[in-house]
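Work through the following exercises with the sequence and the structure open beside you. Try each task on your own before you read its solution.

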Amino acid sequence: MAEPRTDLLQLDALGAQGAYRARNRMAVHDVAGGEVAELSLVPSLFVERTMKPLHRASGPALDDRTGMIGRAAELFSTAVLDGQSVEEYEYRVNRVGGISISEVRATTRAIAARLGKVHYSVEHARPAGSVTRWDDPLTRTGRAVWAVRCGPGARPSPRTD
C-alpha cells in the first residue's frame, strides 16, 4: 500500500466520523501534467454507510440552514480552510482546470454572492401560499407543503451569470 505524499494536497472523503483517507487514491494533475493532489476513492459501502444516516436525519430549521449557508459563503470567499487560503485555492483551480485566474476569482466571488442570497432564491421559487414545513399550522387550513424532489441525474443549481 502506497503512503500518501506529504507534498500533495490530500482530498480526503468526508464521512460521518470525519475525514477518511482511502487506500485507493487517484492523482490529480495540473495542466502541465504535474501532480497537485491525491483524491481518496471510497468504496460504495462507505458511501452507503455515510448517506444512510444523512437521509434519516432531520435538517435544521430554515432560518438556521440559511444562516449556515451564509456563513459557509463567507468562509469560502475569505477564510483559510484546511491550511489553504482563498488565493491558493483559486491558483489550484486555475492550474488544474486551465481556467484563467481572473475567471476563477470572479467565480469565487459569484458563488459567495449567490450563496449569500440563497434564501431569496428559494423563496422566489416557492409557489405563493405554500409553506415549507409539514408541521406549519397553516397546513391545517389547506395550505400545501412545498417540497422539491429531483429525479435521477437532475441537479438543481442556480445560474451564476
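The exercises below concern a predicted model, and they go from the chain as a whole to single pairs of residues.

**Exercise 1. The chain as a whole**

Task: Find how many helices and strands the chain has, and in what pattern they follow along the sequence.

Solution: Begin by counting the elements, which gives 5 helices and 5 strands. Then read along the sequence, where the pattern is β-β-β-β-β-α-α-α-α-α. Finally, turn to the surface: of the 161 residues of the chain, 17% count as buried, and the accessible surface comes to about 12,000 Å², of which 56% belongs to carbon and sulfur atoms.

**Exercise 2. A salt bridge between strands**

Task: Determine which parts of the chain are tied together by the salt bridge of Arg25 and Glu38.

Solution: First look at the distance, since a salt bridge requires a side-chain nitrogen of Lys or Arg within 4 Å of a carboxyl oxygen of Asp or Glu. For Arg25 and Glu38 the closest N and O atoms are 3.2 Å apart, and the pair forms a salt bridge. Next place the two residues: Arg25 lies in strand β4 (residues 25–29) and Glu38 in strand β5 (residues 35–40), so the pair ties together parts that are 13 residues apart in sequence. As a last step, consider their surroundings, where both Arg25 and Glu38 turn out to be buried.

**Exercise 3. Two salt bridges in the helices**

Task: Describe where the partners lie in the salt bridge of Glu74 with Arg71, and then do so for Glu90 with Arg105.

Solution: Take Glu74 and Arg71 to begin with, whose side chains meet in a salt bridge at 3.2 Å, N to O. Both residues belong to helix α2 (residues 62–78), where they are 3 residues apart, about one turn of the helix. Glu74 counts as partly exposed because its relative accessibility is 44%, and Arg71 is partly exposed at 42%.

Now take Glu90, which forms a salt bridge with Arg105, the closest N and O atoms being 3.9 Å apart. This pair links distant parts of the chain, for Glu90 is in helix α3 (residues 86–97) and Arg105 in helix α4 (residues 101–116), 15 residues apart. Glu90 counts as buried at 7% relative accessibility, whereas Arg105 is partly exposed with a relative accessible area of 40%.

**Exercise 4. A nonpolar patch**

Task: Is Leu54 buried or exposed?

Solution: Locate Leu54 in helix α1 (residues 44–56). Its relative accessibility is 54%, so Leu54 counts as exposed. Together with Val47 and Met51, Leu54 makes a nonpolar surface patch of about 250 Å².

Note on methods. Residues numbered from 1 in each chain as written. Predicted model: local features only at pLDDT ≥ 70, side-chain atom pairs only at ≥ 80, totals over all residues. Heavy atoms only, no water. Patch = residues over 30% accessible without salt bridge, like charges linked within 9 Å, V, L, I, M, F, W, Y side chains within 5 Å. Areas by Shrake-Rupley, 256 points an atom, 1.4 Å probe, with all protein chains shown as cover. Helix = DSSP H or I, 4+ residues; strand = E, 2+ residues; numbered from the N terminus. Buried < 20%, exposed > 50% of the residue type's maximum accessible area, 1.4 Å probe, protein only.
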